[in-house]
Amino acid sequence: MRFLVTGGAGFIGSHRCEALLSKGHEVWALDDLSTGRVENLRTFERNARFRFLEGTVLDASTVNGLVAQTNRVFHLAAAVGVKYVLENPLRSLITNIRGTEVVLEACAAHQRRVLLFSSSEVYGKGITVPFSEGDDRVMGPTHKLRWSYACGKAVDECVAQAYWEQQQLPVTIVRCFNTCGPRKTGAYGMVIPNRVRRALRNEPILVYGDGQQSRCFSAVSDVVRGTLMLADSDTARGEIFNIGTDEEVTVMQLAQRVKARCESQSAIETVPYEQIYGRSFEDMRCRVPDLTKIHRFVGYRPTVDLDDLLDSIIRDTCERMGRPVPMGLSGS
């Protein structure tokens with residue numbers, strides 16, 4: 001089949017393209033390169049079944065033309081990263097909401113199956129842990145622009161659900177939880193890449209807040225595999241799924257594990273949120289997915305644990321920095 005991947009030069013998007021190509025499909029990637037990178041496409045850009053188009057999902061004519069010529073759509077194009085969203089709140093909202101509207105309009109017009117990438121951010125300050133797809137959501141105040149990303153993604157989900165209910169658009173929604181892996185950069189406040197780079201340079205590893213907030217860091221290979229399983233499942237149409245891992249770790253524990261696996265001499269320092277993000281930021285204390293639903297529908301389970309994930313990121317970062325791999329990882 002021929003797939004359209006919006007945001008195809010982004011971190012998850014490029015892995016999505018690579019996986020589809022490995023299965024023999026033809027892939028068209030659309031990306032405006034605001035947060036995506038051409039470097040992410042280097043390993044497969046010369047593949048005869050791959051086509052890259054620099055452009056924006058805000059261009060309805062372009063999107064409609066591409067959707068009309070493809071069989072299925074993976075919609076990943078979005079403004080991403082806490083730092084980027086806080087620095088570009090208006091652009092982020094327009095891209096995330098209007099861009100999704102354009103893609104869904106085109107998919108509905110041509111009745112193309114679409115898998116929409118949402119985020120665990122939609123759970124906001126949810127207090128029922130682990131988070132389940134049917135849980136109520138608790139959002140922070142609107143003057144805290146940190147919540148604009150969560151609100152935008154929630155609107156995306158509502159629009160997609162409306163298309164499913166009223167026009168039977170075959171759409172599936174996935175909520176990603178801190179997806180990580182090779183190619184991810186720290187340019188937009190991404191936690192693990194930033195810490196790995198600092199650890200390899202023996203610079204202080206920064207922990208925001210008190211470090212007791214917990215997260216689940218998912219391997220991009222698991223997310224790509226799980227989303228393809230959902231895209232191939234007829235019963236997943238019209239449904240919302242958490243995807244990722246439920247291996248929980250505090251931010252402080254993560255810093256300690258990065259330091260150990262990098263064999264680093266870095267100090268671990270706590271830093272107030274305001275010093276990094278300003279006053280428009282609030283954090284959530286815990287973010288853990290309930291993976292019961294996705295397992296019930298398609299049999300998905302994560303296969304990569306946190307240590308293996310960290311090792312893959314450390315190796316990739318060392319290669320890009322031109323540094324030797326830590327001795328403890330060189331033979332593993």
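**Backbone geometry and overall build**

I'll start in a loop: N178 sits between β6 (171-176) and β7 (179-180). This is a predicted model, so please hear every value as computed from it. The phi of N178 is near 45 degrees, which is positive, and the residue is not a glycine. Its relative accessible area is 21%, so N178 counts as partly exposed, the cut-off for buried being under 20%.

N202 is another case. Its phi is near 60 degrees, again positive in a residue other than glycine. N202 belongs to the loop that links α6 (191-200) and β8 (205-208), and with a relative accessible area of 42% it is partly exposed.

Next, a peptide bond. V129 to P130 is cis, with omega near 0 degrees. P130 lies in the loop between β5 (113-119) and α5 (148-167). Why list these places at all? Because most residues other than glycine have a negative phi, and most peptide bonds are trans.

Now the whole chain. The protein has twelve helices and 13 strands. Its radius of gyration is 19 Å, close to the 20 Å that the globule rule gives for 332 residues, so the protein is as compact as a globular protein of that length. The C-alpha trace spans about 55 × 45 × 40 Å along the principal axes.

Of the 332 residues, 53% are buried. Taking contacts between residues at least 6 apart in sequence, 80% join residues at least 24 apart.

Last, the surface and the charges. About 14000 Å² is exposed, with 48% of it from carbon and sulfur atoms. There are 41 positive and 39 negative charges, and their mean positions are 3 Å apart.

Note on methods:
Residues are numbered from 1 along each chain as its sequence is written. This is a predicted model: local features need pLDDT of at least 70, side-chain atom pairs count only at pLDDT 80 or more; totals for chains, interfaces and linings use all residues. Side-chain values use heavy atoms; hydrogens and water are left out. Helices (H or I, at least four residues) and strands (E, at least two) are DSSP runs, numbered from the N terminus. The radius of gyration is taken over C-alpha atoms; the globule rule is 2.2 Å times the number of residues to the power 0.38. Buried means under 20% relative accessible area, exposed over 50%, partly exposed in between (1.4 Å probe, protein chains only). Contact means heavy atoms within 4.5 Å. Accessible areas come from the Shrake-Rupley method with a 1.4 Å probe; for residues, only the protein chains shown count as cover. Lys and Arg count as positive and Asp and Glu as negative; His and the chain ends are not counted. The place of a charge is taken as NZ of Lys, CZ of Arg, CG of Asp or CD of Glu.
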